[in-house]
Amino acid sequence: MKNLTPKGIAFRISLFVATSVTVIVFLAEFFSESIHFLSLFLVFVSSLVISYFGFLIAIEQFIYKKIKLIYRTIHNLKLNKDDALSDFSLNKDIISQVSQEVIDWDQKNKLEIERLKDMESYRREFVGNVSHELKTPIFNIQGYLLTLIEGGLYDEKINMDYLARANKSVDRMIALIEDLDIISNLESGVIEMHLKKVNIIDLTQDVLSSLERKAQEKNIKLTIQNTLNKSVWVMADADKINQVLVNLIVNSIKYGKDGGETKIKFYDMDENILVEVADNGQGIEEKHHKRLFERFYRTDRGRARDSGGTGLGLSIVKHIIEAHQQTINLRSTVDVGSTFSFTLKKAKQ
Ligand code: ADP
């Protein structure tokens, strides 16, 4: 009984009705002992034709009513009489067609509900994370100010120190707000990538020079290893890739060991250039690798150290690299070191 059209249904029912009527007439004629095959044939044909059209009209009315209701519900539209059945022909298997549409509609709704649930939990988590991140510097500032108000202001041993510490917490809040701004702009697509031909070696050299002092504080050596031995041109948004390198190299210093080394290497990969930022620092346990690029994700060791970071650095890095239609990867072993590597498209010479 699969794939029945309204016409098919009407025909089957009327065949049954016509056969029943003919059998009854036949039995009546049989008992009155006057069987007329011509009249039986006429009874059969006429009841078949009458019931066929009768059932067809009834089914059409029924389907029209039901389908219009279903369509109103699933498309949430005000359909008029013609719209409701405009797509349908009574030669088609309307019921299966409508059930398929309802299944598709149901599937679409389920996906939409999943998406809304994900967004809701992301929003909840995000607000929780932001308030958690803001709590530490705000409470610190409050603590320093209270101490100063309660007389510390006149104590020369602590007054300048506490003001400087409060200022450091303000810097931390500003850094968080700036990173949040970058993330939200990257996610909403407000920031466009302005791809230009960039010499990645020169760009890296500039970043290293700007971070030299920070590295010296931990006796970390920053070096470029350019085995390609020539200028390396890539298509990139220079400012954004500058930010990627800063975030990765600052991390290699923050989580690097005293007296350690960070090497930036470049590899020719056919259409792309692979850039590696490799340190010999504390390393990252395998279980964190998958989630490390999520906003505010920190390893236990990273959290314990409270490096003053915003927890958004790697998430920004990933967004920028993906906006270049490229990928970023991580290889890391605890107490041996970490290597972050990303690709950039080669520029035509
Ligand atoms: P944060 O501001 O905490 O540094 P990131 O997004 O830059 O935020 O990094 C997320 C976490 O990844 C860090 O808290 C740290 O635990 C870990 N991490 C990042 N880079 C390194 C690295 N080079 N070596 C070890 N751990 C790292």
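1. Before you look at the ligand, a bit of vocabulary: Ala, Val, Leu, Ile, Met, Phe, Trp, Tyr, Cys and Pro count as nonpolar, Asp, Glu, Lys and Arg as charged, and the others, Gly among them, as polar. With that in hand, the shell around the ligand sorts into 11 polar, seven nonpolar and three charged residues.

2. A word on what you're looking at. This is a predicted model, where local features need pLDDT of at least 70 and side-chain atom pairs count only at pLDDT 80 or more, while totals for chains, interfaces and linings use all residues. Residues are numbered from 1 along each chain as its sequence is written, and side-chain values use heavy atoms, with hydrogens and water left out.

3. Who sits around the ligand? The ligand has 21 residues around it (a residue is near a molecule if one of its heavy atoms lies within 4 Å of it). The closest are Asn251, Tyr255, Thr299, Gly311 and Leu314.

4. Now the polar contacts, meaning pairs of N or O atoms within 3.5 Å. The side chain of asparagine 251 puts an N or O atom 2.8 Å from a ligand oxygen. A ligand nitrogen is 2.9 Å from an N or O atom in the side chain of aspartate 279. Glycine 311 uses its backbone instead: an N or O atom there lies 2.8 Å from an oxygen of the ligand. Taken alone, the ligand exposes 530 Å², and the protein buries 99% of that (areas by the Shrake-Rupley method with a 1.4 Å probe).

5. Which elements give two or more residues to that shell? They are α7 (238–254), α10 (313–323) and β7 (337–345), and α7 has the largest share, three residues. Helices here are DSSP runs of H or I with at least four residues, and strands are runs of E with at least two, numbered from the N terminus.

6. On to the strands, which pair if DSSP finds at least two bridges between them. β2 (residues 221–225) and β4 (residues 261–269) run parallel, joined by five bridges; threonine 223 partners lysine 263 in β4. β4 and β5 (residues 272–279) run antiparallel with eight bridges, and phenylalanine 266 is matched with valine 275 in β5. Their hairpin has two residues between the strands, and aspartate 270 takes a positive phi near 65° there.

7. Last, the empty space. A cavity is a set of points on a 1 Å grid, over the protein atoms alone, where a 1.4 Å probe fits but cannot get out; lining residues have an atom within 4 Å of a point. The largest cavity has a volume of about 50 Å³. Its lining includes Glu133, Arg172 and Thr310, and α5 (159–188) gives the most, three residues.

Key
A polar contact is a pair of N or O atoms within 3.5 Å; within protein, one must be able to donate a hydrogen and the other to accept it, and residues adjacent in sequence count only if both atoms are side-chain atoms. On a 1 Å grid over the protein atoms alone, a cavity is a set of points where a 1.4 Å probe fits but cannot get out, and a pocket is an open set with protein on both sides within 12 Å along at least five of seven lines; lining residues have an atom within 4 Å of a point. Grid points are joined across faces, edges and corners, and a volume is the space filled by probe spheres set on the points.
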